[in-house]
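Trainee: I have a model open and want to test the words used for it. Can we go through them one at a time?

Mentor: Yes. Ask, and we set each value against its cut-off.

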Amino acid sequence: MTRSAGEGQRSEVADERQLVRRAQSGDEAAYEELVRTHQHRVVAIASRLLRGSQEAEDVAQQVFVKAYFSLRSFDLRSKFSTWLYKIAVNECWNHLRKKKARPLVYEADLSEEQSERYQGAAQRSGMVDPEEAARQQDLVEWLLGQLDPKDRMMLELKEAQGFSIDEISEVLELNPNTVKVRLFRARTKLMELYRRRLNPSRPAAKRG
Amino acid sequence: MFGKRIGATACPAREARLEDYIERRLSADEAAEVETHARSCARCAAALDAAGASVPLLGMLRARPQAQPSPYFVARVMAAVRGEQDVWKPVERAAWRLCWVATAVVLILAAFLLHLQRLQPIPPAPEQSQVQALVSVSAPQPAYQDDSYLLVSSGDHGR
């Protein structure tokens, strides 16, 4: 007999709880298993939030070390993954704060020529050309880099990591409604930057 | 779709609902209600246009390959965990030892003081007459009523 997806998920959660309990009582092998399960997601989150920084893996490692030593305080009321991602987001945030400057990989401002190129790419639909797609992705990265770090973090978690509103609200310890409002505002800000980047004369004409 | 102006802010009470709309989390009736409002509110229409346009743009982030951990990542993490344990275990052990020693010293000191207190003889209770005598010695009464007046007013004589 085949198990339904829901049953499978429940059993996975139960297995994970078992691993967490064993790790809490000092079983290193159980913790190693948890690291193995969550390493990809934590490294991906760190890499995104630190914008592809070389230090992302070091920060991810620090996340797991911190989680190991705080494991006894984890009460199993929430999912282990959510608790772990909360540590990851805080660790990345602290890392960015310590660095002060935003470690942008795409930190160079766009030239007029690049703007024109992006404008052309944005206007075309379909985007079959992988080079053009890569250029668009670079533009999005650049736009995200212009946002307030907290707005950027929220959009990254939502759009790049596929977090749900509930997950974001748990990780960032915010009310789900606040998360929605902030996401909506971050989107409008991002698009405002996008329009300005593509039509640099528009806001200048308005101000003048 | 709804308007052309970008950068406008939506009605604050409706922002969460607009986010639900662009993320398609609303029922058909709820979505229709948002659309009706957007037709009559230029600010919400503009914000909705902008935010809606961000969805496909930001969706490109998911197409980008995610960073992968190095093959030795798990081993590195576990080595770091063991390294930290090696650093903190002796400190923790020393702290516990210090706690036990401090507790033992306090208990011994308390027992010693209790013992000393028991060794000292308790003085007998004073007799009634002795108490009265002590009271009369410690608080001398003036011989005459006028003396008390003199004592009180003597401070003014110098002036």
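Trainee: How many residues does the contact take from chain A and from chain B?

Mentor: This is a predicted model. The contact takes 36 residues from chain A and 33 residues from chain B. A pair counts as in contact when the C-beta atoms lie within 7 Å.

Trainee: Which elements give two or more residues to the side of chain A that touches chain B?

Mentor: They are α2 (28–49), α3, α6 (130–146), α7 (149–160) and α9 (176–198) of chain A. The largest share, 12 residues, comes from α9(A). By class, this side of chain A has 17 nonpolar, nine polar and 10 charged residues.

Trainee: Why is α3(A) called oblique to α4(B)?

Mentor: Start with the angle. Helix α3 (residues 56–70) of chain A and helix α4 (residues 73–119) of chain B pack at about 50°, with their axes 9 Å apart. Roughly parallel needs an angle under 35 degrees, and roughly perpendicular begins at 65. The angle of about 50° fits neither class. Therefore α3(A) is oblique to α4(B). The crossing of this pair is right-handed.

Trainee: Which residues meet where α3(A) packs on α4(B)?

Mentor: From α3(A) come A:Glu57, A:Gln61, A:Phe64, A:Val65, A:Tyr68 and A:Phe69. From α4(B) come B:Phe73, B:Arg76, B:Val77, B:Ala80, B:Val81 and B:Glu84. The residues of this contact divide into eight nonpolar, one polar and three charged.

Trainee: What makes α3(A) and α4(A) oblique to each other?

Mentor: Again, the angle. The axes of α3(A) and helix α4 (residues 80–99) of chain A come within 9 Å and cross at roughly 130°. Roughly perpendicular runs from 65 to 115, and roughly antiparallel needs over 145. The angle of roughly 130° is in neither class. So α3(A) and α4(A) are oblique to each other. This crossing is right-handed.

Trainee: Which residues of α3(A) meet α4(A)?

Mentor: A:Val59, A:Gln62, A:Val63, A:Lys66 and A:Ala67 do. Their partners in α4(A) are A:Leu84, A:Ile87, A:Ala88, A:Glu91, A:Cys92 and A:His95. By class, that contact has seven nonpolar, two polar and two charged residues.

Trainee: Which members of the largest nonpolar core touch the most other members?

Mentor: A:Ala46, A:Ala88, B:Leu18 and B:Leu48, out of 68 residues in that core. The largest share of the core, 10 residues, comes from helix α3 (residues 42–63) of chain B.

Trainee: What does B:Leu18 touch?

Mentor: Leaving out residues up to four places away in sequence, B:Leu18 touches A:Phe184, B:Ala10, B:Val34, B:Cys44, B:Ala47, B:Leu48 and B:Ala51.

Trainee: Why might such residues gather?

Mentor: In soluble globular proteins, nonpolar side chains tend to be buried together.

Trainee: How do you know that chain A counts as helical, and what share of chain A is buried?

Mentor: Chain A has 10 helices and zero strands. Of its 208 residues, 35% are buried. Buried takes 20 or more other C-beta atoms within 10 Å of the residue's own. Among contacts in chain A with a separation of 6 or more, 64% are between residues 24 or more positions apart.

Trainee: What are the corresponding values for chain B?

Mentor: Chain B has six helices and zero strands. Of its 159 residues, 16% count as buried. For contacts in chain B between residues at least 6 apart in sequence, 71% join residues at least 24 apart.

Note on methods:
Residues are numbered from 1 along each chain as its sequence is written. Chains are lettered from A and ligands numbered from 1 in the order in which they are written. This is a predicted model: local features need pLDDT of at least 70, side-chain atom pairs count only at pLDDT 80 or more; totals for chains, interfaces and linings use all residues. Axes are lines fitted to C-alpha atoms, for helices over the stretch in contact, and angles run from 0 to 180 degrees between N-to-C directions. Helices (H or I, at least four residues) and strands (E, at least two) are DSSP runs, numbered from the N terminus. A crossing is left-handed if the near helix is turned anticlockwise from the far one by less than a right angle, and right-handed if clockwise. Two residues are in contact if their C-beta atoms, placed from the backbone, lie within 7 Å. Ala, Val, Leu, Ile, Met, Phe, Trp, Tyr, Cys and Pro count as nonpolar, Asp, Glu, Lys and Arg as charged, and the others, Gly among them, as polar. A nonpolar core is a set of buried Ala, Val, Leu, Ile, Met, Phe, Trp, Tyr and Cys residues joined through C-beta atoms within 7 Å. A residue is buried if 20 or more other C-beta atoms lie within 10 Å of its own, exposed if 12 or fewer, and partly exposed in between; C-beta atoms are placed from the backbone.
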